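The exercises below are meant to be worked with the sequence and the coordinates side by side. Each task is followed by a solution that goes step by step.

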Amino acid sequence: MTRIVIIGGGPGGYEAALVAAQLGAQVTMVEEDGPGGACVLTDCVPSKTMIATSVRKQALLDAPSLGVHYSGGADGDAGSAEVDMPLVNKRVKELAQAQSADIGARVAAEGVEIIKARGRLVDPQVVRAGDRTIRADVVIVATGATPRILPGAEPDGERILTWRHLYDLDELPEHLIVVGSGVTGAEFAGAYRSLGSEVTLVSSRDRMMPNEDADAAEVLEEVYRRRGMNVMGRSRASSVKRTADGVVVTLEDGRTAEGSHALMTVGMVPNTSGLGLQEAGVTLDRGGFVQVDKVSRTSAPGVYAAGDCTGVLMLASVAAMQGRIAVWHALGEAVQPLRLATVASNIFTDPEIASVGVSQKQIEAGEIEANVVKLPLSTNARAKMQGFNDGFIKLFCRPHTGIVLGGVVVAPRASELILAVSVAVQQRLTVDQLAHTFAVYPSLSGSITEAARRLMQPTAAIGI
């Protein structure tokens, strides 16, 4: 029987464990914090739980425009909706623990041994887990990553924070300064603004989320400014200091921003130090990320890696797929290499931004030839009914064959809507096939089939 030891219990680790156990391997999962790892306990699950609360709060604030008034919301006043932050954070933590327990129970039910300890490689076939030494035929490293700390902006857990500190706050921050306008910064900035905090978003680039679709980022920034957020572009932070009753963020050009709290969202660093990786022959890049190929192999025989510690794409879905691929390959099963072009991702802002496949940037740079259509959400009947005025559906296809290459959705629950486009990309469907698929009327998904119909028309004006 093949013995597999997995270091790390996040999505890359526990998904690998489940597949390995189902294929008859003897599996041990070593996880220091608990099943689900940081993804479930401190990062993805808690943040999206809190964001769900903020979306509900924003819906209440928007309700008067649909004719619904509440708590003194007469005469067009938005009314009031109080946020009980201790209760919000209590729910966040309890849900995370419950999800971790569910994962632990599922993994254990498959016969996986779970060791609560810090694991490290002694050599490519030996893992040290606490006071135990385990010999393995295959080792999978899935240790995740940790929030990056900037010199001069070290978190204290009270006023200067990473997102892992947020759920210990007793009160809603009066004025939250979010340093970093990537995906994480944009998500938390929007959530806390909807919950009632004054928010300043400090971006070092020309716009929010510089690595995402430019049209989508523009829509979101417009929404944020309309909701009262202060978005500071081209504003790189040089230091964050605590004051008597708050924080002051100093920018490289000498300007300052003052608030009650600062949230640092400036990237992640891999959890790869002190694990004996390089000593075991595992190659790390300059940033400390484990180097892997498309079937999750490292440079050390029998050692695979999955998830954020590889830096491939820091998404739970990618980590899980890397873990599964590692097991399939190690056990000689049929396996397809990881195809990043088919990965669907979502930004949990309000509205959400989901994308899959090729990007507008690639098309504009001439890297890929594609036809493009973009439909504003404001023309969709269901969006009008629900009062959704911001967002769009964008679809890309090959000019001659009509094969769907990708798309972007900016809408409420875009994370659900993108599945149709993702299936089309994965299965190499054409816009004709997508256009001939029935969509419910009225529905937001109807705009996806309408976009496909627009791309079917050979003489139609295909514009951005």
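**Exercise 1.** In which loop is the place of P351?

Solution. Before any values are read, note that this is a predicted model, in which local features need pLDDT of at least 70 and side-chain atom pairs count only at pLDDT 80 or more, while totals for chains, interfaces and linings use all residues. Residues are numbered from 1 along each chain as its sequence is written, and side-chain values use heavy atoms, with hydrogens and water left out. P351 lies in the loop between β19 (344-347) and β20 (352-357), where helices (H or I, at least four residues) and strands (E, at least two) are DSSP runs, numbered from the N terminus. The peptide bond that joins D350 to P351 is cis, with omega at about 10 degrees.

**Exercise 2.** Describe how β19 and β20 are joined, and then follow β20 to its pairing with β23.

Solution. Strands count as paired if DSSP finds at least two bridges between them. β19 and β20 run antiparallel and are joined by four bridges, with A344 having V356 in β20 as its bridge partner. The two strands form a hairpin with four residues between them. β20 is also joined to β23 (residues 404-411) by six bridges, again in the antiparallel sense, and here G357 stands opposite G406 of β23.

**Exercise 3.** Locate the backbone features at P442 and M209.

Solution. A cis peptide bond joins Y441 and P442, with omega at about -5 degrees, and P442 is placed in the loop between α11 (431-435) and α12 (446-456). M209 has a positive phi of about 45 degrees although it is not a glycine; this residue is found in the loop between β11 (198-202) and α6 (214-226).

**Exercise 4.** Which residue is the bridge partner of R120 in β5?

Solution. Begin with the strands: β4 (residues 119-123) and β5 (residues 126-129) pair in the antiparallel sense over four bridges. A hairpin through two residues joins β4 to β5. Within this pairing, the partner of R120 is R128.

**Exercise 5.** Characterise the contact of domain 1 with domain 3, starting from the domain bounds.

Solution. The assignment, which is automatic or comes from a database, gives domain 1 (3-147 + 269-338), domain 2 (160-266) and domain 3 (342-455). The C-alpha centres of domain 1 and domain 3 lie 28 Å apart. Their contact (heavy atoms within 4.5 Å) takes nine residues from domain 1 and eight residues from domain 3.

Next, consider area. The size of an interface is often given as the accessible area lost when the parts come together. Domain 1 and domain 3 bury about 600 Å² between them, 73% of it on carbon and sulfur atoms, the area being that lost to a 1.4 Å probe and summed over both parts. K48, L66 and L315 supply 46% of the area that domain 1 buries against domain 3, more than any other three residues.

Finally, count charged pairs and examine the elements. Between domain 1 and domain 3 there are zero salt bridges, a salt bridge being a side-chain nitrogen of Lys or Arg within 4 Å of a carboxyl oxygen of Asp or Glu. On the side of domain 1 that touches domain 3, the elements giving two or more residues are α3 (44-62) and α7 (316-330), and α3 provides the largest share, four residues.

Technical notes: Buried area = accessible area lost by both parts, 1.4 Å probe.
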